[in-house]
Amino acid sequence: MGIDFLDCMFRLEKEFKLSRRDFKLEQFEGPRNAKGVLVGATAEHLKRWVEITLLSQGKEVPQDLWPRVR
């Protein structure tokens with residue numbers, strides 16, 4: 001996991017009041033190579049992951065989710 005991704009995750013956790021344990025990598029719907037390694041993930045993939053995580057926690061998905069993730 002790169003430092004940029006960690007920084008992004010810390011910001012998402014803080015912005016949406018989630019913990020690192022709330023995010024399940026198996027729920028991430030980004031593109032994977034033949035070995036199952038994530039490749040080419042975009043901000044849209046992260047937005048969807050935050051949405052899935054919020055819903056799985058029983059939290060409401062904010063209307064301004066996209067601008068806040070972006």
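**View 1. Lys17, at the end of helix H1**. Lys17 follows directly after H1 in this predicted model. Its phi is positive, at about 55°.

**View 2. The span of H1**. H1 runs over residues 3-16. With 14 residues at 1.5 Å a residue, H1 should span 20 Å. The C-alpha atoms at its ends lie 20 Å apart, so expectation and model agree.

**View 3. The two sides of H1**. Four residues of H1 are buried: Met9, Leu12, Glu13 and Phe16. Their arc around the axis is only 100°, so they sit on the same side of H1. An α-helix has 3.6 residues a turn, so residues three or four places apart point the same way. Ile3, Asp4, Arg11 and Lys14 are exposed on the other side of H1. The cover over the buried residues includes H2 and H3.

**View 4. Contacts of Phe16**. Neighbours within four places in sequence are left out here. Phe16 then touches Val50, Leu54, Lys59, Pro62, Leu65, Arg68 and Val69. Phe16 is also one of the buried residues of H1.

**View 5. The largest nonpolar core**. Twelve residues form this core. Among them are Met9, Leu12 and Phe16, together with Leu18, Phe23 and Phe28. Leu46, Trp49, Val50, Leu54, Leu65 and Val69 belong to the core as well. Helices H1, H2 (43-56) and H3 (65-69) each supply at least two of its residues. H2 gives the most, with four residues.

Key: Residues numbered from 1 in each chain as written. Predicted model: local features only at pLDDT ≥ 70, side-chain atom pairs only at ≥ 80, totals over all residues. Heavy atoms only, no water. Core = buried A, V, L, I, M, F, W, Y, C linked by side-chain atoms within 4.5 Å. Buried < 20%, exposed > 50% of the residue type's maximum accessible area, 1.4 Å probe, protein only. Contact = heavy atoms within 4.5 Å. Expected span 1.5 Å × (residues − 1). Arc of directions from axis to C-beta.
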